[in-house]
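Welcome! Here is a short briefing to help you find your way around a structure you have not met before. Take a look at it first, and then read on.

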Amino acid sequence: MNKKTGNFEVKLGLAEMLKGGVIMDVTNAEQAKIAEDAGAVAVMALERVPADIRKDGGVARMSDPKMIQEIQKMVKIPVMAKCRIGHFAEAQILESLEVDFIDESEVLTPADEANHIDKHPFKVPFVCGARNLGEALRRIGEGAALIRTKGEAGSGNIVEAVRHMRQLNAEIRQLTVMDHEELMAAAKNMGAPFSIVEQVAKAGKLPVPNFAAGGIATPADAALMMQLGAETVFVGSGIFKSEDPAVRANAIVKATAHFNDPKIVAEVSSGLQSAMAGLELSEIPEEERLAKRGW
Amino acid sequence: MRIIGILNLQGDVEKHASVFKKLNAEIILVKNSDDLSKCDGLVFPGGESSTMKMMIEFSNLTNALTDFVQKKPIFATCAGVVLLAKTILNDIPTKFAKLDISVKRNGWGRQVHSFISEIDFLGKSLEAVFIRAPKISEIGKLVTVLAKIENEPVLIEQDNILASTFHPELSEHSVIQKYWLEKYFG
């Protein structure tokens, strides 16, 4: 019996299985357990949540393999981990640890300002952030099996995730009404691979799932992003920077599953402790915006 | 026309829905017991069984499902097999578990070990996609094995339930779905 592993279909398969759920940032095994018990579909292992990276400054790198392995031992749900943009050696390490998904993430300090990782040769699927359709299609061209909005990680402010999701969806809709000649010009303007542009124009959606990330802090934020077309939400600092991580995590899971039912979202939003404080975008200097990393 | 429900609390619901639409089945996406009461059969999609289990409880579906899985046609894939297994080696079974099997969550390993292979089903060779799939380690007398890989059962049937540890909805062929529709609704 011939078993094929690591091909694109198998990578895409896991992305499909994560739909309709919440992926939570965790920094140790104990938090991972809280996330799993709260109903997370996966956890993202990282050394510091984005809010702390923002506060502490310095170079943010891939997490300690020991911490990732402790998390893998603790939970049965998929374990994801972040590597720096362009840092394929970190990605190789994460693959050797058998993490289930690698996030080539702007939250960490980029290792290469010109190139993202060539993701096709890896057996582990990759997720990448995008602010617009061109960025999403370049990452898919490089082999990403999943796209998420960049939002503004660690801000606790949903405005950038909304902007990126609306931008992406508007550009997809525009492609669907273009004639075939116009698609090449669109591909040129976006700097995106023509074959994938054609595919998106025909299907009216990305060829890989499309999730939301960056600034989700409340059940209502999750419901908003899901109604805007996100197929799952990533919650980073929003959970473990709040006053009631376990309860809030569970409330966000429920709101995501029932995002179209305001009565349920109201019910799970009731009586929560304070959310993370959050930042007005104007308080974040342009050069400190994480979404600007990568291209 | 019979109405096929697809449990819509988490997972690859859309993939299942598009296959059944192609087969001209009428479908309802099930979020609560009202939705379920309109269905003649139910599909459990792939996804994370722990999340689905929690959302089934939260959505007050436990009792309705317990009743439903006793008598109506069920098609369970991957996480669905875990939700319906009476014994789970590394987790606690649900209240509505009915399949007389033991399973291990992610029994085939982490994502790097997810694979595509061929299975023999009713004399035909079919593509089967396994994503962090559960492994069936024991089967009871009531269970019929319809397909195996490396001598491990991957497609089984018990009374009104057809269960696959792989994802027929991720392959182009819809042989398994057609088999289920014809057998139970034909």
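Contact here means heavy atoms within 4.5 Å. Please keep in mind that this is a predicted model. With that meaning of contact, Ser155(A) touches Arg54(A), Gly215(A), Met276(A), Gly278(A), Leu279(A) and Ile284(A), leaving aside residues up to four places away in sequence.

**Around Ser155(A)**

- You will find Ser155(A) in the loop that runs between strand S7 (146-149) and helix H7 (159-176) of chain A.
- Ser155(A) has a relative accessible area of 1%, so this residue is buried.

**Where the two chains meet**

- Chain A brings 43 residues to the contact, and chain B brings 38 residues.
- About 3400 Å² of area is buried between chain A and chain B, and carbon and sulfur atoms give 58% of this area.
- Four salt bridges are found across the interface of chain A and chain B.
- One salt bridge joins the side chains of Lys19(A) and Glu14(B), with an N to O distance of 2.9 Å.

**Aromatic pairs**

- Over all chains, the structure holds eleven aromatic pairs.
- Phe115(B) and Phe130(B) form a stacked pair, because their ring centres are 4.5 Å apart and their planes are at 10°.
- Phe115(B) belongs to strand S7 (residues 115-121) of chain B and Phe130(B) to strand S8 (residues 124-130) of chain B, so their pair ties together parts that are 15 residues apart in sequence.
- Phe115(B) is buried at 1% relative accessibility, and Phe130(B) is also buried at 1%.
- Phe121(B) and Tyr179(B) make an edge-to-face pair, because their ring centres lie 5.2 Å apart with the planes at 80°.
- Since Phe121(B) is in strand S7 of chain B and Tyr179(B) is in helix H6 (residues 175-185) of chain B, this pair ties together parts that are 58 residues apart in sequence.
- Phe121(B) and Tyr179(B) are both buried.
- A cluster linked by ring pairs takes in Phe20(B), Phe75(B), Trp180(B) and Phe185(B).

**Charges over rings**

- The ring of Phe115(B) has the charged end of Lys3(A) over it, 4.4 Å from the ring centre.
- Within chain A, Arg139(A) lies over the face of Trp295(A), 4.9 Å from the centre of the ring.

**Cysteines**

- How many disulfides does a search of the whole structure find? The search finds zero over all chains.
- Why is Cys83(A) without a bond to Cys128(A)? The sulfur of Cys128(A) is the closest cysteine sulfur to that of Cys83(A), but at 8.1 Å the two are too far apart for a bond.
- Cys83(A) is buried, with a relative accessible area of 0%, and Cys128(A) counts as buried at 1%.

**Helix H3 of chain B**

- Helix H3 (residues 49-58) of chain B is largely enclosed by the rest of the structure, because seven of its ten residues are buried.
- The buried residues of H3(B) are Ser49(B), Ser50(B), Thr51(B), Met52(B), Met55(B), Ile56(B) and Phe58(B).
- On the chain A side, these buried residues pack against helix H12 (245-257) and helix H13 (262-269).
- In chain B, they pack against strand S1 (3-7), helix H4 (62-71) and helix H5 (79-84).
- After H3(B) comes Asn60(B), which has a positive phi near 50°.

Methods
Residues are numbered from 1 along each chain as its sequence is written. Chains are lettered from A and ligands numbered from 1 in the order in which they are written. This is a predicted model: local features need pLDDT of at least 70, side-chain atom pairs count only at pLDDT 80 or more; totals for chains, interfaces and linings use all residues. Side-chain values use heavy atoms; hydrogens and water are left out. Rings of Phe, Tyr and Trp (its six-membered ring) pair if their centres lie within 6.5 Å; planes under 30 degrees apart count as stacked, over 60 as edge-to-face and the rest as tilted. Helices (H or I, at least four residues) and strands (E, at least two) are DSSP runs, numbered from the N terminus. Buried means under 20% relative accessible area, exposed over 50%, partly exposed in between (1.4 Å probe, protein chains only). A charge sits over a ring if NZ of Lys or CZ of Arg is within 6 Å of the ring centre and within 35 degrees of the ring normal. A disulfide is a pair of cysteine sulfur atoms within 2.5 Å. Buried area is the accessible area (1.4 Å probe) that two parts lose on being put together, summed over both.
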